[in-house]
Amino acid sequence: LWIINHAHEDHLGALLWLMEQDRFDIKIDKLYFTFPPLNWFRGVENGGGDLYVRGFLSALERRGIKSRQLTGGDILECGGMSFSVLGGCRNYTAYQKINDTTMVVKAHFPQRDVLFLGDLDVSGGKDLLEECGKEALRCDIVQMAHHGQNGVRKDFYEIVRPKICLYTTPDWLWNNDNGGGVGSGEWKTLETRRWMEELGVEASYPSADGDYLFE
């Protein structure tokens, strides 16, 4: 089971590249996503997503990979665990960013739940709250929106109230370092990290190039 949470290159590009190779040994039984209609992509972000998404959908068809569009409220079962789809791109006509169409998923593991925010932006976050309510968003472990910077705002995390924060973030982004040292870049990671300290989180794990294991 593969879940593509939105239609940006860094979230589906590796799979597209693999599907375009002559040798493709990966077995994919099911693939799920929530994409707006193709014509919407022409009007946002300089229209760059239109051709890219067309190529992705065409590659799925060529490879015979079964795919399905999801909506908020869908439940997926896989390998003894389940995934609740909390929201997607229901209000896509009001958005100007592909990140706002991110499908947000809560994964229910045997012992704990994890909230995956993908690259959720501010407008998408507000709509998600209206769609599913505060209680559905409460979660001890959360994957931070947009790699931990310039995603949803602090008031969204105040509702989630995470205890453990997962950052899909390499060291340079974790430290906002453009080569001139900590804080030298224009990314917002340090601001997000400060928010989480103010909210009293127990631990934060930046991980882009390896795994963290914790009890």
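Which residues do ring pairs link into a cluster? Select Phe33, Phe35 and Phe56, which are joined in this way. The model is a predicted one, in which local features need pLDDT of at least 70, side-chain atom pairs count only at pLDDT 80 or more, and totals for chains, interfaces and linings use all residues. Residues are numbered from 1 along each chain as its sequence is written, and side-chain values use heavy atoms, with hydrogens and water left out.

Stay with the rings. Rings of Phe, Tyr and Trp (its six-membered ring) pair if their centres lie within 6.5 Å, and planes under 30 degrees apart count as stacked, over 60 as edge-to-face and the rest as tilted; by this rule there are 7 aromatic pairs. Phenylalanine 35 and phenylalanine 56 have ring centres 6.3 Å apart and planes at 50°, so this pair is tilted. The two rings connect distant parts of the chain, 21 residues apart, with phenylalanine 35 in the loop between β2 (31–33) and α2 (38–41) and phenylalanine 56 in helix α3 (residues 48–63); helices (H or I, at least four residues) and strands (E, at least two) are DSSP runs, numbered from the N terminus. Phenylalanine 35 is buried, at a relative accessible area of 5%, and phenylalanine 56 is buried at 0%, where buried means under 20%, exposed over 50% and partly exposed in between (1.4 Å probe, protein chains only).

Next, select arginine 193 and tryptophan 174: the arginine lies over the face of the tryptophan, at 3.8 Å from the ring centre (the criterion being NZ of Lys or CZ of Arg within 6 Å of the ring centre and within 35 degrees of the ring normal).

Now turn to the empty space. On a 1 Å grid over the protein atoms alone, a cavity is a set of points where a 1.4 Å probe fits but cannot get out, whereas a pocket is an open set with protein on both sides within 12 Å along at least five of seven lines, and lining residues have an atom within 4 Å of a point. The largest pocket holds about 670 Å³. Of its 24 lining residues, those closest to its centre are Ile3, Asn5, His11, Phe116 and Gln143. The largest share of this pocket's lining, 3 residues, comes from β1.

Finally, show the cavity, since a search of the whole structure finds 1 of 30 Å³ or more. Its volume is about 80 Å³, and among its 14 lining residues the closest to the centre are Gly88, Tyr95, Gly124, Leu128 and Glu131. Helix α4 (residues 122–132) gives the largest share of this lining, 4 residues.

Terms used: Grid points are joined across faces, edges and corners, and a volume is the space filled by probe spheres set on the points.
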